[in-house]
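Open the model in your viewer and show side chains as sticks. The tour below goes through the aromatic rings.

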Amino acid sequence: MEKHVEKFLKKISFASITIATLTLLLLYLQTPDTCFDPSDPDPKPHTRFPKSTCDFTHRTYTSIDKRNRRLWSTKAWTTTLSSYSSLFKTLQARNYFSNHSRVLIVSAGPGQPVQALTGLGVDDVTAVELVDSPPLVSRADPHNLPFFDGIFDLGFGVYLDRALFPGRYVGQIERTVRVGGVCVVTVEECGSDEVDEIVKLFKKSRFVDSKNVLLAGERRTRIVMIVENNS
Ligand SMILES: *[C@@H]1O[C@H](CO)[C@@H](O)[C@H](O)[C@H]1NC(C)=O
């Protein structure tokens with residue numbers, strides 16, 4: 001290697017070592033902000049952090065409450081909520097459910113249909129979605145609902161057209177609704193041929209009626225079925 005190149009490289013490595021040493025020294029001398037105050041006579045820094053990832057005592061639900069309050073007051077939320085309210089009002093007027101019905105909502109999103117139903121006076125609403133939204137919606141797979149057979153009076157599958165396996169999605173709602181109970185599903189707005197195809201997905205229920213509705217800003221078709229047997 002040429003002499004002057006070697007010299008140059010040595011200079012560079014010396015400079016690097018000096019910079020690294022100075023940085024370490026600086027870090028050593030400077031107390032990070034996150035450390036507790038050494039002049040505090042009773043620091044107990046361990047009391048300020050959760051003891052483990054499973055320790056919820058220091059995580060209050062106020063942040064969820066606050067976030068929910070903000071979300072529930074947005075225009076998008078209230079518009080969607082009122083579209084669900086008017087859908088449920090027409091179903092209620094036809095006696096498909098009452099205040100005392102046990103209602104299941106599948107694909108409940110962040111929970112507008114739950115609020116719509118409780119707003120109408122229904123107090124037993126169970127709602128599931130792939131992602132939970134406490135306190136309104138729990139997490140569950142629509143293709144494998146964690147509920148016993150025939151325990152609901154009304155089962156509402158909000159987004160059948162987005163299901164990976166529509167037959168299974170419908171089958172799970174049918175399974176969890178009692179004989180004589182009502183299943184409601186909605187799909188992207190469609191004609192009677194498509195409605196016939198959707199009705200065929202139901203194995204234990206008879207068709208009651210279908211209607212085009214505006215739901216959450218989309219033109220959709222809702223289909224009502226009544227469960228006839230649960231064998
Ligand atoms: C259902 O509950 C709502 C709200 O509590 C009430 O206004 C309504 O009268 C109730 N309907 C019936 C039929 O009891």
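Start with W77, a buried residue with a relative accessible area of 2%. The coordinates are those of a predicted model.

Keep W77 selected and add W72. The two rings form a tilted aromatic pair, 6.1 Å centre to centre with 40° between the planes. Is W72 buried, partly exposed or exposed? W72 has 27% relative accessibility and counts as partly exposed, because buried requires a value under 20% and exposed one over 50%. W77, at 2%, falls on the buried side of that cut-off.

Next, select F88 and F156. Their rings make an edge-to-face pair, with 5.4 Å between centres and 80° between planes. Colour the secondary structure to see where each ring comes from: F88 belongs to helix 3 (residues 75-93), and F156 to strand 4 (residues 152-157). The pair links distant parts of the chain, the two residues being 68 residues apart. F88 is buried, at a relative accessible area of 1%; F156 is buried too, with a value of 1%.

Which residues join F88 and F156 in an aromatic cluster? Add Y84 and F97 to the selection: Y84, F88, F97 and F156 form one cluster. A search of the whole structure gives five aromatic pairs, among them W72 with W77 and F88 with F156.

For the last stop, select Y159 and R162. Here the contact is between a charge and a ring: R162 lies over the face of Y159, 3.9 Å from the ring centre.

Key: Residues numbered from 1 in each chain as written. Predicted model: local features only at pLDDT ≥ 70, side-chain atom pairs only at ≥ 80, totals over all residues. Heavy atoms only, no water. Phe/Tyr/Trp six-rings, centres within 6.5 Å; stacked < 30°, edge-to-face > 60°. Buried < 20%, exposed > 50% of the residue type's maximum accessible area, 1.4 Å probe, protein only. Helix = DSSP H or I, 4+ residues; strand = E, 2+ residues; numbered from the N terminus. Lys NZ or Arg CZ within 6 Å of the ring centre and 35° of its normal.
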